[in-house]
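Hi there,

Here is the structure I promised to pass on to you. Please have it open while you read my notes below.

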Amino acid sequence: MERLYFTWEEGPAVLDPVGDADFGYFISPGNTDWTLAEPSQVADFFVDGSKMSKTDFETRLHKGEILSKENIF
């Protein structure tokens with residue numbers, strides 16, 4: 001599985017495959033650090049989030065349209 005990119009809860013979120021598992025990460029509004037998502041939060045990425053391409057995600061991230069972060073994994 002490839003890495004998936006989202007906007008979720010007014011911030012960036014990613015779903016990152018590692019071996020046989022998938023790990024979700026997000027940045028909460030007002031924060032600058034990535035947080036490991038709980039399984040219910042990952043599910044919510046697909047319900048309340050907006051999936052986007054890596055290019056769109058990085059463009060919006062660097063333009064400040066979603067919270068800025070220098071390194072995306």
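**What I found**

Let's start with one pair of residues: Val18 stands opposite Ala21 in E3. The two strands around this spot are E2 (residues 11-18) and E3 (residues 21-26), which pair in the antiparallel sense over 6 bridges. Two strands count as paired if DSSP finds at least two bridges between them.

Before going on, please note that this is a predicted model, in which local features need pLDDT of at least 70 and side-chain atom pairs count only at pLDDT 80 or more, while totals for chains, interfaces and linings use all residues. Residues are numbered from 1 along each chain as its sequence is written, and side-chain values use heavy atoms, with hydrogens and water left out.

**The overall layout**

The protein has 2 helices and 5 strands (DSSP runs of H or I with at least four residues, or of E with at least two, numbered from the N terminus). Along the sequence they follow the pattern β-β-β-β-α-β-α.

How are the strands ordered in the sheet? The sheet is open and has the order E4-E3-E2-E1-E5, with antiparallel pairing. Strands E4 (35-36) and E5 (50-52) stand at the edges with a single partner strand each, so one side of each has no neighbour in the sheet.

Helix H1 (residues 39-48) lies across E1 (4-8), E2, E3, E4 and E5, and runs at about 75 degrees to E1 (axes are lines fitted to C-alpha atoms, for helices over the stretch in contact, with angles from 0 to 180 degrees between N-to-C directions).

Of the 73 residues, 34% count as buried (under 20% relative accessible area; exposed is over 50%, partly exposed in between, with a 1.4 Å probe and protein chains only).

**Aromatic rings**

A search of the whole structure finds 5 aromatic pairs (ring centres of Phe, Tyr or the six-membered ring of Trp within 6.5 Å; planes under 30 degrees apart are stacked, over 60 edge-to-face, the rest tilted). One of them is the tilted pair of Tyr5 and Phe57, at 5.0 Å centre to centre and 45 degrees between the planes. Tyr5 lies in strand E1 and Phe57 in helix H2 (residues 54-63), so this pair ties together parts that are 52 residues apart in sequence. Both Tyr5 and Phe57 are buried.

Trp8 and Phe45 form an edge-to-face pair, at 5.0 Å centre to centre and 65 degrees between the planes. Since Trp8 is in strand E1 and Phe45 in helix H1, the pair ties together parts 37 residues apart in sequence. Trp8 is buried at 7% relative accessibility, and Phe45 is buried at 0%. Both belong to one aromatic cluster with Phe6, Phe26 and Phe46.

**A polar partner for Trp8**

Asp44 is found in helix H1 and counts as buried, at 18% relative accessibility. The side chain of Asp44 makes a polar contact with the side chain of Trp8 (2.8 Å); such a contact is a pair of N or O atoms within 3.5 Å, where within protein one must be able to donate a hydrogen and the other to accept it, and residues adjacent in sequence count only if both atoms are side-chain atoms.

**How far to trust it**

Mean pLDDT, the predictor's confidence in each residue from 0 to 100, is 85 for the protein, and 85% of its residues reach 70 or more. Over residues 68-73, pLDDT stays under 50, and the model has 18 contacts for them beyond four places in sequence (heavy atoms within 4.5 Å). Where pLDDT is low, the predicted coordinates should not be read in detail.

Enjoy exploring!
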